[in-house]
Each structure stands twice: as C-alpha cells, then as structure tokens.
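Trainee: Hi, I have a new structure open and I'm not sure where to begin. Could you walk me through it?

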Amino acid sequence: MNTVTGKPTTSPGDNAPDGRDSILHRALGPVASAVVCFLAALGTCLAQNFSRNSLELALAFDSSHYLDSAQKLFTLWQHILHHGPGSFGVHQLVPIANDLLLDGPVLPLVGSVVMLFTGRMLTPQDVPLFIAVQCFFAACSAGALSLAACRFTGSARWGMLAGLVWAFYPP
C-alpha cells in the first residue's frame, strides 16, 4: 500500500489491469510485430515481383549480369569443393573479381549459394527462384527493422510501423 496515495502498490509487470504490460507481452510484442512485418513484406514483394510485367522485365537490365556473375562464382565453388582451395591460381580469380567489383558481392554470392544447393547451373528460366530468395531477404529486412525499432523506441507499435513502412515502400 502506498502511504501517500492510499492505492495498492504493484510490481512493474502489473501496470495494466488486463496484463498488457506483463513481461510476456513485452517479449511477444516485438516478435509479433516482426512476424507481421515479415509476412506483409513477403506477400507484397512476391505479389509485385511475380506479376507478369515484372517477370517479363526480369532479365532486361542488370539482372542477367548478376546471374552470369553467380554462375562464375558457382564454377569457382565447385572447383574448390572438388579440388581444394589451393588448386586454383590468381589468374582464375581476375574475371570473377572484375564482375564482383561491378556487381558487388552480395547478389552473385546469394545466387551461387542457390546453385550450390540445387547442384546445377541455373538458366534465365530459373530467375523466379532468385526473385523468391530476394523477396525472402526483403521480408527478413522488414522484420529486422521492426525488431530494431521496437528496441530503439521501446514500443512494439512503433516497431510495427517502421517494419510496415519498409514492407510497403515501393522499390
């Protein structure tokens, strides 16, 4: 009992009568926010990138170059896996290095890892697989941003807002 106000004292986790401020709610709020943002971003990204117009333009610009760079990296990965890391010379890395300098390492690396998992070189007809992987990464980014905003602001609502803005922001 608080001697000044005459009201019963409560612990920090019991501020709201319906338990909204409980430890469980504080832990699940950011996670639920991140899951909602992940699903919203994934759905939005898949709907946008698997539209007929998007698929027709998938290889029109630099996407085909990323696929080519990924195929070169996949060839290098296969060589390393079969013959060991010391079995290639610097002269084999120069073409790949030039492409990675132009493309950046992330997209070709992701593509080459997808090829490693499938065990084969992918063709332009397999571009939807790469698009789906990129959509997954975009959704993970929305969820991670939501968690970061929840932690930064201390509010799952602000975290969800940040993640949803990321999820629905036009590319």
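**A first walk through the model**

Mentor: Sure! Read along the sequence, the protein chain has the pattern α-α-α-α-α-α-α. The secondary structure comes to seven helices and zero strands; helices (H or I, at least four residues) and strands (E, at least two) are DSSP runs, numbered from the N terminus.

Trainee: What kind of model is this, and how are residues numbered?

Mentor: This is a predicted model, where local features need pLDDT of at least 70, side-chain atom pairs count only at pLDDT 80 or more, and totals for chains, interfaces and linings use all residues. Residues are numbered from 1 along each chain as its sequence is written, and side-chain values use heavy atoms, with hydrogens and water left out.

Trainee: How much of the protein chain is buried?

Mentor: Buried residues make up 26% of the 171 residues. Buried means under 20% relative accessible area, exposed means over 50%, and partly exposed is in between (1.4 Å probe, protein chains only).

Trainee: Okay, aromatics next. How many aromatic pairs are there?

Mentor: Rings of Phe, Tyr and Trp (its six-membered ring) pair if their centres lie within 6.5 Å; planes under 30 degrees apart count as stacked, over 60 as edge-to-face and the rest as tilted. By this rule the count comes to two aromatic pairs. One of them is Phe 38 with Phe 136, an edge-to-face pair at 5.9 Å centre to centre, with 80° between the planes.

Trainee: Why does that pair tie together parts far along the sequence?

Mentor: Phe 38 lies in helix H1 (residues 23-49) and Phe 136 in helix H6 (residues 127-153), so the pair joins parts that are 98 residues apart in sequence.

Trainee: And what about Phe 136 and Phe 137?

Mentor: Phe 136 and Phe 137 form a tilted aromatic pair, 6.1 Å centre to centre and 50° between the planes. Ring pairs therefore link Phe 38, Phe 136 and Phe 137 into a cluster.

Trainee: Are those three rings buried or exposed?

Mentor: Partly exposed: Phe 38 has a relative accessible area of 22%, Phe 136 comes to 42%, and Phe 137 to 36%.

Trainee: Which residues is Phe 38 in contact with, leaving aside its neighbours within four places in sequence?

Mentor: Phe 38 is in contact (heavy atoms within 4.5 Å) with Phe 136, Ala 139, Cys 140 and Gly 143. Phe 38 and Trp 166 are 128 residues apart in sequence and 9.9 Å apart in space, C-alpha to C-alpha.

Trainee: Switching topic: how do H6 and H7 cross?

Mentor: The axes of H6 and helix H7 (residues 156-168) come within 7 Å and cross at roughly 150°. Axes are lines fitted to C-alpha atoms, for helices over the stretch in contact, and angles run from 0 to 180 degrees between N-to-C directions.

Trainee: What do you call that arrangement?

Mentor: H6 is roughly antiparallel to H7, because angles over 145 degrees count as roughly antiparallel, under 35 as roughly parallel, 65 to 115 as roughly perpendicular and the rest as oblique.

Trainee: Which residues make the contact?

Mentor: Among them are Ala 138, Ser 141 and Leu 145 of H6, and Trp 158, Met 160 and Trp 166 of H7.
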